[in-house]
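Colleague: I am new to reading structures. Could I ask how you arrive at the words you use for this one?
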Amino acid sequence: MLLKQVLELFELLDTPQANGETIKKLMLERGADGVKVETVQGDKGSTDCIKVYIHGKNGKSSGGTAPTLGIIGRLGGLGARPEVIGFTSDGDGALAALAAGLKLAEMHKNGDVLEGDVIVSTHICPNAPTQDHFPVPFMDSPIDMELNNRMDVEENMDAILSIDTTKGNRVINLNGIAISNTIKEGYILEVSNDLMDVMTRVTGKLPAIFPCAQQDITPYGNDLHHLNSILQPATATNAPVVGVAITTEQPVAGCATGASHPEDVEVAARYAVEVAKGYGEGKVSFYSEKEFNHLIELYGTMNQFQTFGKNQ
């Protein structure tokens, strides 16, 4: 149960003064092994990029061999001040990722040490801009996606869960969470059976999978329509990436306030924690390496979809 962590972090993030140093202090007090905060300036403002490190007993940080999981909270901003007052729907991805990180830090401090390392990354911006998008307005970001990916994605991440509010659409029609196919090096792979098993255990429901189009795994800025930024980390790494979408039955604007459902954010955070446990132990796989290698043999690489294409 992570509701306590979600509510505690919400109070720290739902304010014009929200910043990375406040969250850093909390994470270190609760047991995180390290926290990095860097204020980054973009064309539309600034934001605090934060990374939280929780070391595993057999993780790379200690010279071990267990794989490292990255948990990324994707968003444009926590708030759209001064245009909109309050915590926006778009902030749920950061809230869920940080709640997972806080829980993992507390577990570590209490002696429940995972096998592999976990790196949680997101950014904290209480006054991001907005942008037009169909069917509802999106939150924009003070930094562009290339820089955002550069700050969020680490080379040490062997697999990534990308958590993002995904309510501004008409193709995911449920309150809760949904996951994507595994995305790797421009390929849309099968949905991981292991990740669906974890989802069933965490939600007590049948697994929900959201549709993924080819253009959704291409970089922002290529004039193609994207569902949202949930799969953008896949353009910046060769590690497998799976989106964890926080969803609603009806389209909700990313810049809408009063639209965060704590029980759905908690489920997303708890799902990330359970995946982290199994992934480090080698019990949860994001994709079949054998199957992927055979795809390469048959059809070649698809890395061009991680770029801006022929005219880049």
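Colleague: Why is Thr15 called buried?

Modeller: This is a predicted model, so each value is computed from it. Thr15 has a relative accessible area of 17%. Buried means under 20%. So Thr15 counts as buried.

Colleague: Where is Thr15, and what is it in contact with beyond its neighbours within four places in sequence?

Modeller: Thr15 sits in the loop between α1 (3–13) and α2 (20–30). Leaving aside those neighbours, Thr15 is in contact with Arg81 and Pro126. Contact here means heavy atoms within 4.5 Å.

Colleague: Take α1. How do you know that its buried residues line one face of the helix?

Modeller: Start with the names. Gln5, Val6, Leu9 and Leu13 are buried in α1. Seen down the helix axis, the buried residues of α1 fall within an arc of 100 degrees, so they line one face. The face turned away from that buried side carries the exposed residues Lys4 and Glu11.

Colleague: What do the buried residues of α1 pack against?

Modeller: They pack against α2, α3, β4 and α6 (262–280).

Colleague: What makes helix α4 largely enclosed?

Modeller: Count its residues. Helix α4 covers residues 145–152, and 6 of its 8 residues are buried, so α4 is largely enclosed by the rest of the structure. The buried ones are Met145, Leu147, Asn148, Asn149, Met151 and Asp152. What covers them includes β1, β2, β3 (69–74) and β4 (118–124).

Colleague: How do you know that Asp144 caps the N-terminal end of α4?

Modeller: Look at one distance. A side-chain oxygen of Asp144 lies 3.2 Å from the backbone nitrogen of Glu146. The cut-off for a polar contact is within 3.5 Å. So the pair qualifies, with 3.2 Å set against that limit.

Colleague: What makes β1 and β2 a pair of strands?

Modeller: Two strands pair if there are at least two bridges between them. Strand β1 (residues 34–42) and strand β2 (residues 45–54) are joined by 9 bridges, and they run antiparallel. So they pass the test. One example is Val40, whose bridge partner in β2 is Thr47. The two strands form a hairpin, with 2 residues between them.

Colleague: How do you know that Cys125 is in no disulfide?

Modeller: A search of the whole structure finds 0 disulfides. For Cys125, the nearest cysteine sulfur is that of Cys49, and it is 9.7 Å away. A disulfide needs the sulfur atoms within 2.5 Å. So Cys125 fails the test.

Colleague: Is Cys125 buried or exposed?

Modeller: Cys125 is buried, because its relative accessible area is 0% and the cut-off is under 20%.

Colleague: Which residues touch the most other members of the largest nonpolar core?

Modeller: Ile71 and Tyr271 do, in a core of 78 residues. Helix α3 (residues 92–110) supplies the largest share of this core, 11 residues. There is also a second, separate core of 7 residues, which includes Val84, Ala128, Met139 and Ala253.

Colleague: What is Tyr271 in contact with, leaving aside its neighbours within four places in sequence?

Modeller: Its contacts are Ile177, Ile179, Leu195, Val198, Met199, Val202 and Val244.

Colleague: What makes the backbone at Glu185 worth a look?

Modeller: Most residues other than glycine have a negative phi. Glu185 is not a glycine, yet its phi is positive, about 50 degrees. Glu185 is found in the loop between β9 (183–184) and β10 (187–188). Its relative accessible area is 16%, so Glu185 is buried.

Colleague: Asp223 has a positive phi too, about 65 degrees. Why is Asp223 called exposed?

Modeller: Exposed means over 50%. Asp223 has 80% relative accessibility, so it counts as exposed. Asp223 lies in the loop between α5 (193–203) and β11 (241–247).

Colleague: And why is Pro251 called partly exposed?

Modeller: Partly exposed is the range between under 20% and over 50%. Pro251 is at 31% relative accessibility, so it counts as partly exposed. Pro251 lies in the loop between β11 and α6.

Colleague: Which peptide bond is cis, with omega near 5 degrees?

Modeller: The one from Arg81 to Pro82. Pro82 sits in the loop between β3 and α3. Most peptide bonds are trans.

Technical notes:
Residues are numbered from 1 along each chain as its sequence is written. This is a predicted model: local features need pLDDT of at least 70, side-chain atom pairs count only at pLDDT 80 or more; totals for chains, interfaces and linings use all residues. Side-chain values use heavy atoms; hydrogens and water are left out. Helices (H or I, at least four residues) and strands (E, at least two) are DSSP runs, numbered from the N terminus. Buried means under 20% relative accessible area, exposed over 50%, partly exposed in between (1.4 Å probe, protein chains only). A nonpolar core is a set of buried Ala, Val, Leu, Ile, Met, Phe, Trp, Tyr and Cys residues joined through side-chain atoms within 4.5 Å. A polar contact is a pair of N or O atoms within 3.5 Å; within protein, one must be able to donate a hydrogen and the other to accept it, and residues adjacent in sequence count only if both atoms are side-chain atoms. The arc is that of the directions from the helix axis to the C-beta atoms.
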